[in-house]
Amino acid sequence: MSVNELNSIEPVAFPIPAGVHAETVTSVQHYTDRLFKFRTTRPGSFRFRSGEFVMIGLPNAEKPVFRAYSVASPSWDEELEFFSIKVPGGPLTEHLQKIQVGDTILMRKKPTGTLVNDALMPGKRLYMFSTGTGIAPFASLIRDPETYEKFEEVILTHTCREVAELKYGQDLVAEITADPLVGEFANGRLRHFASVTREPFENTGRITDLMKSGELFKKLGVPPISPDDDRGMICGSMDMLRDTKALLEGFGLVEGANNKPATFVVERAFVD
Ligand code: A2P
């Protein structure tokens, strides 16, 4: 039996478009009926900054559909990792959710994005606010020693509808803590605050509400956000970005960009 016959998606019937990398899937893990992670080989020439995104597609059409995906692995990793939602009837994710080890993924060559350390002024504490697959760019940044060179404390917040959707983040933080290299930087300085909104859990509620009520700061044992000490990165749905951004502005933080570093940055979790 050939490798292609073992695969779930159609064998490559279309030529690889010019200007894209064709990479091989090395692992796939499904978390829920809405979420999965996959890892691929990394082209030797592909360089990116932790927190950036790339355009991903499948070789299943003459003109493949590409969607933006944050690279969830850190820039030093020899493989690439992605964390994806499964959208019923979604032009890419409908097929992408069926990938198996050995399948081919297309990747455009140029990474980009604003959730990078360079877009923030130095500070004491970095908050990473995420909902759903919005945790992906932070999965990259919390495994990058540079993040800990720039900030004394890193607070990753992850809010999902259900407890099962938190597992990717929970496993990730546990792995980091146990990793001899990254653990050396992260232990005692990386804090993970997970909450859910649609079932009971130790923390419940939208991150915006938990900030408004002060419960987030109380539970973490830190003062409310201030522009002197705190920096923010936000990644989630359009509504979550809008509301979290307004709150950070209320605390006196100012939105920055690659060419104009300031005290917080924003990027939407793309596929929806
Ligand atoms: P909720 O269950 O109250 O809608 P989604 O999967 O729809 O992107 O949602 C992921 C998480 O983000 C859910 O816990 C959801 O809460 C929360 N969320 C949705 N909209 C907002 C918002 N405007 N501000 C903060 N959190 C939000």
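A cavity, as the word is used here, is a set of grid points where a 1.4 Å probe fits but cannot get out, while a pocket is an open set. Keep that pair of terms in mind as we walk through this predicted model, starting with the enclosed space and then moving to the open one that holds the ligand.

A search of the whole structure turns up one cavity of 30 Å³ or more, and the volume of this largest cavity is about 110 Å³. Twelve residues line the largest cavity, and those closest to its centre are Tyr69, Ser70, Phe83, Thr133 and Phe270. If you would like to find the place by secondary structure, look for strand E4 (67–70) and strand E5 (79–85), each of which supplies at least two residues of the lining. What is the chemical character of these walls, by class? The lining of the largest cavity has nine nonpolar and three polar residues, and no charged ones.

Now let us turn to the pockets. The largest pocket holds about 750 Å³ of space. Its lining is made up of 29 residues, and Arg34, Thr131, Gly132, Arg161 and Ser237 are the closest to its centre. Strand E8, helix H7 (207–212) and helix H9 each give at least two residues to the lining of the largest pocket, with the largest share, five residues, coming from H9. By class, the lining of this pocket divides into nine nonpolar, ten polar and ten charged residues.

Where does the ligand sit? You will find the ligand in the largest pocket. Two elements give two or more residues to the shell around the ligand: strand E8 (153–160) and helix H9 (238–250). H9 provides the largest share of this shell, three residues. The full set surrounding the ligand is Arg34, Thr131, Thr159, Cys160, Arg161, Thr197, Arg198, Arg206, Thr208, Asp239, Met240 and Asp243. Sorted by class, the shell has six charged, four polar and two nonpolar residues.

Zooming in on individual atoms, you can pick out several polar contacts. Two of them involve oxygen atoms of the ligand: a polar side-chain atom of Thr197 lies 2.7 Å from one, and a polar side-chain atom of Arg161 lies 2.9 Å from an oxygen atom of the ligand. Arg161 is also among the residues closest to the centre of the largest pocket. Asp239 takes part through its backbone, where a polar atom is 3.2 Å from a nitrogen atom of the ligand. How much of the ligand does the protein bury? Taken alone, the ligand exposes 550 Å², and the protein buries 83% of that.

How values were computed. Residues are numbered from 1 along each chain as its sequence is written. This is a predicted model: local features need pLDDT of at least 70, side-chain atom pairs count only at pLDDT 80 or more; totals for chains, interfaces and linings use all residues. Side-chain values use heavy atoms; hydrogens and water are left out. A residue is near a molecule or strand if one of its heavy atoms lies within 4 Å of it. A polar contact is a pair of N or O atoms within 3.5 Å; within protein, one must be able to donate a hydrogen and the other to accept it, and residues adjacent in sequence count only if both atoms are side-chain atoms. Accessible areas come from the Shrake-Rupley method with a 1.4 Å probe; for residues, only the protein chains shown count as cover. On a 1 Å grid over the protein atoms alone, a cavity is a set of points where a 1.4 Å probe fits but cannot get out, and a pocket is an open set with protein on both sides within 12 Å along at least five of seven lines; lining residues have an atom within 4 Å of a point. A molecule sits in a cavity or pocket if more than half of its atoms lie within 2 Å of its grid points. Helices (H or I, at least four residues) and strands (E, at least two) are DSSP runs, numbered from the N terminus. Ala, Val, Leu, Ile, Met, Phe, Trp, Tyr, Cys and Pro count as nonpolar, Asp, Glu, Lys and Arg as charged, and the others, Gly among them, as polar. Grid points are joined across faces, edges and corners, and a volume is the space filled by probe spheres set on the points.
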